[in-house]
Amino acid sequence: MSSSSVFFRLHPSLQHVLHSTLRWQELRDVQERSYEPVMGGENVLLIARTAGGKSEAALIPVIDQILKSSPSPPFCVYISPIRALITDLAARLEIILAPLHLSCLQVHADACGQEPLDEDLPSFILTTPESLTVMFHGGRSSDLLA
């Protein structure tokens, strides 16, 4: 692995979590190639096989930026077409986020009991388009987007 790899430019805490928790020695090609465009705020279409690392390719740059700049939460709203994908992503994301003292909240019809306390806002909100619409129109989670 080249020292110019994106992996070595990630925040040291994120490198540590990816290496020690997930046993990653390097990022996948889609993750390496998407880092700069995502960090640059470009619109990016990620294409890879199923379980090819697309979600992580989109989220690793966001997590890296959070660790490097310490903004106020929530930092990211991740919109998925179906709640099954949110549930799957939440489980994978928690493995990365928990050691970094970051959190995610699922906002969809089956996860309505997970409302955070005002002083404990989530780092990431994982939602569906329908639930996002409800949030914009004053649903129980609308304060998260304030």
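So, to kick off: is arginine 23 buried or exposed? Arginine 23 is exposed, with a relative accessible area of 61%. Keep that residue in mind, I'll come back to its backbone in a minute. And before anything else, a caveat: what you see above is a predicted model.

Okay, the overall layout. The protein chain has 5 helices and 3 strands. Starting at the N terminus, the elements go α-α-α-β-α-β-β-α. There are 146 residues in the chain, and 38% of them count as buried. The accessible surface is about 8400 Å², with 54% of that belonging to carbon and sulfur atoms. And if you take the contacts with a separation of 6 or more, 55% come from residues 24 or more positions apart.

Now the sheet. It's an open one with 3 strands, in the order β1-β3-β2, and the pairing is parallel. Which strands stand at the edges? Those are β1 and β2, and each has a single partner strand, so one side of each has no neighbour in the sheet. On average, neighbouring strands are turned by 20° against each other, ignoring direction. If you want to look at one pairing, take β2 and β3: they run parallel and are joined by 4 bridges. Leucine 105 is a handy landmark there, standing opposite isoleucine 125 in β3.

On to the inside. As a rule, nonpolar side chains in soluble globular proteins tend to be buried together. Here, the largest nonpolar core has 26 residues, and the members touching the most others are Leu10, Leu14, Leu18, Ile63 and Phe124. Who supplies it? At least two residues each come from α1, α3, α4 and β3. The largest share is from α4, with 6 residues.

Let's zoom in on isoleucine 63. Leaving out residues up to four places away in sequence, isoleucine 63 touches Leu14, Leu93, Ile96, Leu97, Leu100, Leu102 and Phe124. There's also another core lying apart from the main one, with 5 residues, including Val107, Ile125, Leu132 and Met135. You'll recognise Ile125 as the residue opposite leucine 105.

One polar residue I'd like to point out is glutamine 15, in helix α1. Is glutamine 15 buried or exposed? Glutamine 15 counts as buried because its relative accessibility is 18%, and the cut-off for buried is under 20%. Its contacts, again not counting residues up to four places away in sequence, are Phe7, Phe8, Arg9 and Leu10. Leu10 we've already met, in the largest core.

Right, last part: backbone oddities. Back to arginine 23, which sits in the loop between α1 and α2. Its phi is near 65°, a positive value in a residue other than glycine. Serine 70 is another case, with phi near 50°, also positive and also not a glycine. Where does serine 70 lie? That's the loop between α3 and β1. Serine 70 counts as exposed because its relative accessibility is 60%, where exposed means over 50%.

Stay in that loop, because proline 74 is found between α3 and β1 too. The peptide bond from proline 73 to proline 74 is cis, with omega near -5°.

That's my tour. If you open the model yourselves, I'd begin with isoleucine 63 and its contacts, Phe124 among them, and then move over to the loop that holds serine 70.

Methods:
Residues are numbered from 1 along each chain as its sequence is written. This is a predicted model: local features need pLDDT of at least 70, side-chain atom pairs count only at pLDDT 80 or more; totals for chains, interfaces and linings use all residues. Side-chain values use heavy atoms; hydrogens and water are left out. A nonpolar core is a set of buried Ala, Val, Leu, Ile, Met, Phe, Trp, Tyr and Cys residues joined through side-chain atoms within 4.5 Å. Buried means under 20% relative accessible area, exposed over 50%, partly exposed in between (1.4 Å probe, protein chains only). Contact means heavy atoms within 4.5 Å. Two strands pair if DSSP finds at least two bridges between them. Axes are lines fitted to C-alpha atoms, for helices over the stretch in contact, and angles run from 0 to 180 degrees between N-to-C directions. Accessible areas come from the Shrake-Rupley method with a 1.4 Å probe; for residues, only the protein chains shown count as cover.
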